[in-house]
Amino acid sequence: MKLSNDKLKLLTNDLIKWIREMMSSTGGEKAIIGISGGKDSSVVAGLCVRALGKENVLGVLMPHEVQYDINYSHEICDFLGIKCKEVSITPMMKSFYEVLEGVKGDFIDDISEQTKLNLPPRIRMTLLYAISQSIYNGRVINTSNLSEDWVGYATVYGDTTGAFSPLATLTTDEVIQVGRYIGIPEKFIIKTPEDGLTKKTDEDVLGFSYDTLNRYIREGKIDDKDIKDKIDKIHKYSRFKFTPIPIYNSYLPIKAKELGNFYNDKK
């Protein structure tokens, strides 16, 4: 969706205000962000700098083995003037594989490809939280966008996690527009998105373009019925990634004061 300058201004100002409010409501002061050098993490970091000040934003770079585009991550941190730290997750990956090798033959025949694909984002999020919890009032900020989330292009307990998610209701093209509005250099916001795991672009993995997906999300229009059916199916079966874990309701009495609606189906 093409946003007018007035809409972009209102949206951006509201995002900045919302980030301040969310940090305050969670008792947070320092934003901890995993920096990939692409549009999502660059825009989230840029918004957090505006909301909290660059001294309160920390970028964590988490390559696995050789990451050919790691310079993008360093450059956006330099541009925003935020502190950053590069921490390789390769030793942690090797340790996990060694542990998993130890259970082969008992529980599993082999380490699945899905395990290999989802392990890096889960390790990265574990690392972000380990750093965040060692920083006074540190909070991990989620960098996912609506387009990826709509089709479940995310890892449970990996990039679905964070204290709050500024971009969760913005499509990829809207993230780009916000990025341009706040002055993020073009090279970061138009960088071809790759998952960093399969060495393929997001669109190669998904099998359709973000333009097609975004138009369908915002306008409900799509020309290819097969792609529509594919998107609908993926969306349906990936919703569990973004909903609270189901809780069995025993209907036993709770007499203590309840803060918030813990159960949704009380009798």
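The legends below describe the whole chain of a predicted model and then its aromatic pairs.

Local features in this predicted model need pLDDT of at least 70 and side-chain atom pairs count only at pLDDT 80 or more, whereas totals for chains, interfaces and linings use all residues. Residues are numbered from 1 along each chain as its sequence is written, and side-chain values use heavy atoms, with hydrogens and water left out.

**Figure 1. Overall fold of the chain, with 11 helices and 4 strands.** Helices (H or I, at least four residues) and strands (E, at least two) are DSSP runs, numbered from the N terminus. The chain is as compact as a globular protein of 267 residues, because its radius of gyration of 20 Å is close to the 18 Å of the globule rule; the radius is taken over C-alpha atoms, and the rule is 2.2 Å times the number of residues to the power 0.38. Along the principal axes, the C-alpha atoms fill a box of roughly 55 × 50 × 50 Å. Among contacts with a separation of 6 or more, 71% join residues 24 or more positions apart, a contact meaning heavy atoms within 4.5 Å.

**Figure 2. Surface and burial of the chain.** The accessible surface comes to about 15500 Å², and carbon and sulfur atoms contribute 54% of that area; accessible areas come from the Shrake-Rupley method with a 1.4 Å probe. Of the 267 residues, 40% count as buried, where buried means under 20% relative accessible area, exposed over 50%, and partly exposed in between (1.4 Å probe, protein chains only).

**Figure 3. Close-up of the aromatic pair formed by Trp18 and Phe164.** This is one of 2 aromatic pairs in the structure; rings of Phe, Tyr and Trp (its six-membered ring) pair if their centres lie within 6.5 Å, with planes under 30 degrees apart counted as stacked, over 60 as edge-to-face and the rest as tilted. Trp18 and Phe164 are edge-to-face, at 5.4 Å centre to centre and 85 degrees between the planes. Trp18 belongs to helix H1 (residues 5-25) and Phe164 to the loop between helix H6 (146-150) and helix H7 (172-181), so the pair ties together parts that are 146 residues apart in sequence. Trp18 is partly exposed at 30% relative accessibility, whereas Phe164 is buried at 5%.

**Figure 4. Close-up of the aromatic pair formed by Tyr72 and Phe188.** The rings of Tyr72 and Phe188 meet edge-to-face, at 6.1 Å centre to centre and 85 degrees between the planes. Because Tyr72 lies in helix H3 (residues 70-80) and Phe188 in helix H8 (residues 186-189), the pair ties together parts that are 116 residues apart in sequence. Tyr72, at 23% relative accessibility, is partly exposed, while Phe188, at 3%, is buried.
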